[in-house]
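Please take a moment to look over the sequence and the 3D model before reading on. The paragraphs below lead through the structure one part at a time.

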Amino acid sequence: MFRGYHCMEYILENFILFLSCLTVFINCMLPVPLRINSFHVPTPAVTGDSILLRCAYELGNETLYAVKWYKNAGEFFRYVPASDPPLKMFPQNGIDVDMSKSDQNNIYLRNLSLESHGNYTCQVSTDRPFFRCVQTTRQLEVVVPPSDGPVLMEEKSYYEVGDNVSILCNSGKSKPAPELKWYINDQLAQSDLYDKETVVYPDQLESSSLALRFRLKPDVLHNGRVILKCVATLKHIHAVTIKEIRAAASKDASPFTLSLFLIAATFLMRRLTRD
């Protein structure tokens, strides 16, 4: 009786062990999905800056063969663990890799230029027996910040109520051209109040101009003045220039004001004569 019980226990233990080994064997034989978990490209970036590109991937039960990096269609960096040395760089315009800060997951790019702009691809491939490959692509945008803030050009600095105000806002050279907006007393000016233009220079840089034109009415005056603001925006870069203009009473109101003064003076003279 006891001998039979021990036999059954022995068979059950070995059967459980067999199932465990079979599970391990199946897991080893069936490929776990090869995938790229995340691909980080810090964009937009500014010319002259350095950035870190990061490609995080999961091999599952496969063996890494190579990690290759491309800008547009050209390979510029490769990591092959079986090679000596495992890291290799290929020259390409706009690409300056700091090899001491780069590895199988990270690429450290220095001294960005306009030529650094493009589509960057991280490609991960595995060795035998599966020889599979996955890749993902992100765009890196590189901008040139404006050389200076917006410059305002006006026809005159003093106005009267009823005058037509005309002021031009010119941005500094950049790439791409900044977006310009006008504000009147901190209120965004209506689009029908201004004209805009973009200029492209031989060095590929651009500038914007935005002319603000409106009739100076009493309802825009606060204590005889109007605050005008031109805002230049390029991605995450903002520059602001503020102009204050002052205004006197309208010329058209002068005769009326003079008539009131004469009536008041005549009335006062009559009272004095009677007294």
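Which residue in S13 is the bridge partner of Met-153? In this predicted model, the partner is Leu-168, and the pair offers a convenient way into the sheet around it. Strand S11 and strand S13, the latter covering residues 164-170, are paired in the antiparallel sense through four bridges. These two strands belong to an open sheet of four strands, arranged in the order S11-S13-S17-S16 with antiparallel pairing. Strand S11 (151-154) and strand S16 (194-200) are found at the edges, and because each of them has a single partner strand, one side of each is left without a neighbour in the sheet. On average, and with direction ignored, neighbouring strands of this sheet are turned by 20° against each other.

With that sheet in mind, the whole protein can be described. The protein contains two helices and 19 strands, and of its 275 residues 32% are buried. Among the contacts with a separation of 6 or more, 59% are between residues that are 24 or more positions apart. The surface that the protein exposes amounts to about 17500 Å², of which carbon and sulfur atoms supply 57%.

A second sheet can now be followed in the same manner. This open sheet is formed by three strands in the order S1-S3-S7, and its pairing is antiparallel. Strand S1 (35-40) and strand S7 (106-109) take the edge places, each with a single partner strand, and therefore one side of each has no neighbour in the sheet. From one strand to the next, the twist averages 10°. S1 and S3 run antiparallel and are joined by five bridges; within this pairing, Ser-38 has Ala-56 in S3 as its bridge partner. Strand S3, residues 51-58, is also joined to S7 by four bridges, again in the antiparallel sense, and here Arg-54 has Asn-106 in S7 as its bridge partner.

Strand S3 leads on to the next topic, the disulfides. A disulfide is a covalent bond between the sulfur atoms of two cysteines. A search of the whole structure finds two of them. One disulfide joins Cys-55 to Cys-122, with 2.1 Å from S to S. Since Cys-55 lies in strand S3 and Cys-122 in strand S8, the pair ties together parts that are 67 residues apart in sequence. The angle about the S-S bond is -80°, which makes the link of Cys-55 and Cys-122 left-handed, and both of these cysteines are buried.

The other disulfide returns us to the sheet with which we began. Cys-169 is joined to Cys-230, with 2.0 Å from S to S, and at -85° about the S-S bond this link is left-handed. The pair links distant parts of the chain, with Cys-169 in strand S13 and Cys-230 in strand S18 (residues 225-234), 61 residues apart. Cys-169 and Cys-230 are both buried. If the bonded cysteines are numbered in sequence order, the pairing reads 1-2, 3-4.

Why does Cys-133 have no bond to Cys-122? The closest cysteine sulfur to that of Cys-133 is the one in Cys-122, and because the two sulfur atoms are 9.6 Å apart, they are too far for a bond. With a relative accessible area of 44%, Cys-133 is partly exposed.

Strand S8, which holds Cys-122, also holds Thr-121, and the strand covers residues 118-126. Is Thr-121 buried or exposed? Its relative accessibility is 8%, so Thr-121 counts as buried. Leaving aside residues up to four places away in sequence, Thr-121 touches Phe-39, Lys-68, Trp-69, Tyr-70, Gln-135, Thr-136 and Thr-137. With Thr-137 there is also a polar contact, in which the side chains of Thr-121 and Thr-137 are joined at 2.7 Å.

Finally, a loop residue may be set beside this strand residue. Ser-83 lies in the loop between strand S5 (74-79) and strand S6 (87-89). At 34% relative accessibility, Ser-83 counts as partly exposed. Ser-83 and Tyr-65 are 18 residues apart along the chain, and their C-alpha atoms are separated by 9.8 Å.

How values were computed: Residues are numbered from 1 along each chain as its sequence is written. This is a predicted model: local features need pLDDT of at least 70, side-chain atom pairs count only at pLDDT 80 or more; totals for chains, interfaces and linings use all residues. Side-chain values use heavy atoms; hydrogens and water are left out. Buried means under 20% relative accessible area, exposed over 50%, partly exposed in between (1.4 Å probe, protein chains only). A polar contact is a pair of N or O atoms within 3.5 Å; within protein, one must be able to donate a hydrogen and the other to accept it, and residues adjacent in sequence count only if both atoms are side-chain atoms. Contact means heavy atoms within 4.5 Å. Two strands pair if DSSP finds at least two bridges between them. Axes are lines fitted to C-alpha atoms, for helices over the stretch in contact, and angles run from 0 to 180 degrees between N-to-C directions. Accessible areas come from the Shrake-Rupley method with a 1.4 Å probe; for residues, only the protein chains shown count as cover. A disulfide is a pair of cysteine sulfur atoms within 2.5 Å.
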